[in-house]
Amino acid sequence: MLNLERLRTLDALARHGSVVAASAALHVTTSAVSQQLGKLERETGRQLIARQGRGVRLTDAGQLLAGHAARILSQVEQAEVDLEAQRGAVVGELRLSAFPTAARGLVPATLAVLAAAHPALRVRSRELEAGEGVRAVLRGDLDLAVVLDWYNKPLPLPAGLVKAPLLDDPADVAVPVDHPLAGRESVELAELAEDPWITWGEGEFCHEWLMVTLRAQGVEPRTPHRAEEGHTQLALVAAGLGVCVVPRLGRDPVPEGIRTLAVRNGIRRHVYALWRADADRRPSIRAAVAALEQAAAAVRS
């Protein structure tokens, strides 16, 4: 008999490409991954992995079994979904991610609601950028992700996913308190054409959005400083090193030395929850989405 947990380990190695990445996805040690794979090789009587430099690769037999493992695990997951839906009970485990400002501005209240209303539900949460969250839901590493796109740049969504809108999150521009425009209530982006912009990492969805948006306003941005985390960007603004876009969700407290200015005609993010269509009937998914909607409503009020 093939052991389900060992098949899950092989599947994680096939999907993530390394023992280290597989151990992180499974929340176990690298030693545990190696032990499970070794036991699986003894059970099957076949060599499933081979050394390749400092890492490992799947042998032909390993690739064959990994394909079967993916299908078996999918069937097991579907059986669990069907049983959970039939029971109608919010139980078991739910794996949730959110992009950084939603992790701060929405997730704590959501987890508190779920803990009070559904004590038999075990929730594991983590912070992931939107694109990573989408990919993790698709792979089955997560059950639910809170993601975002911008009003003028949708986040591409693969087939097989379901989403629920949570809120529209307005964004302002943060400038140093001694900036020439700091006394204004609102600005046009084009008025900041000569300022250095503090932005996200190269290739990140929000960075690409900022470049597209500024160029559409006739601004060719200079971006001498990059930071993933919003409060790090604000600290750079407070030091007089540039300006940045600052969404309102999860923004407070704003450090001293900064003014936030509304953007005329408005810029905003769409925030929504995302999950796989084949898990749509799970009561735990429905409960988590309802809790997120409740947290989002409190932010909007």
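**Exercise 1.** In this predicted model, decide whether Asn265 is buried or exposed, and describe its backbone.

*Solution.* Begin with the relative accessible area of Asn265, which is 77%; because a residue counts as exposed over 50%, Asn265 is exposed. Next, place the residue in the chain: Asn265 sits in the loop between β11 and β12 (267–276). Finally, turn to the backbone, where the phi of Asn265 is near 75 degrees, a positive value in a residue other than glycine. Most residues other than glycine have a negative phi.

**Exercise 2.** Determine which peptide bond is cis, with omega near 0 degrees, and locate its proline.

*Solution.* The bond in question runs from Asp252 to Pro253. Pro253 itself belongs to the loop between β10 (244–247) and β11 (258–263).

**Exercise 3.** Characterise the surroundings of Asp11 in helix α1 (residues 4–16).

*Solution.* First, the relative accessibility of Asp11 is 9% and therefore under the 20% limit, so this residue counts as buried. Second, its side chain is joined to that of Arg15 by a polar contact of 2.8 Å. Third, once neighbours within four places in sequence are left aside, Asp11 is in contact with Ala69, Ala70 and Leu73.

**Exercise 4.** Classify the packing of α1 against helix α2 (residues 19–26).

*Solution.* The two helices pack at an angle of about 120 degrees, their axes lying 8 Å apart, which makes α1 oblique to α2. The crossing is right-handed. From α1 the contact involves Arg8, Thr9, Ala12, Leu13 and His16, and from α2 Val19, Ala21, Ala22, Ala25 and Leu26; sorted by class, these are seven nonpolar, two polar and one charged residues.

Note on methods: Residues are numbered from 1 along each chain as its sequence is written. This is a predicted model: local features need pLDDT of at least 70, side-chain atom pairs count only at pLDDT 80 or more; totals for chains, interfaces and linings use all residues. Side-chain values use heavy atoms; hydrogens and water are left out. Helices (H or I, at least four residues) and strands (E, at least two) are DSSP runs, numbered from the N terminus. Buried means under 20% relative accessible area, exposed over 50%, partly exposed in between (1.4 Å probe, protein chains only). A polar contact is a pair of N or O atoms within 3.5 Å; within protein, one must be able to donate a hydrogen and the other to accept it, and residues adjacent in sequence count only if both atoms are side-chain atoms. Contact means heavy atoms within 4.5 Å. Axes are lines fitted to C-alpha atoms, for helices over the stretch in contact, and angles run from 0 to 180 degrees between N-to-C directions. Angles under 35 degrees count as roughly parallel, over 145 as roughly antiparallel, 65 to 115 as roughly perpendicular and the rest as oblique. A crossing is left-handed if the near helix is turned anticlockwise from the far one by less than a right angle, and right-handed if clockwise. Ala, Val, Leu, Ile, Met, Phe, Trp, Tyr, Cys and Pro count as nonpolar, Asp, Glu, Lys and Arg as charged, and the others, Gly among them, as polar.
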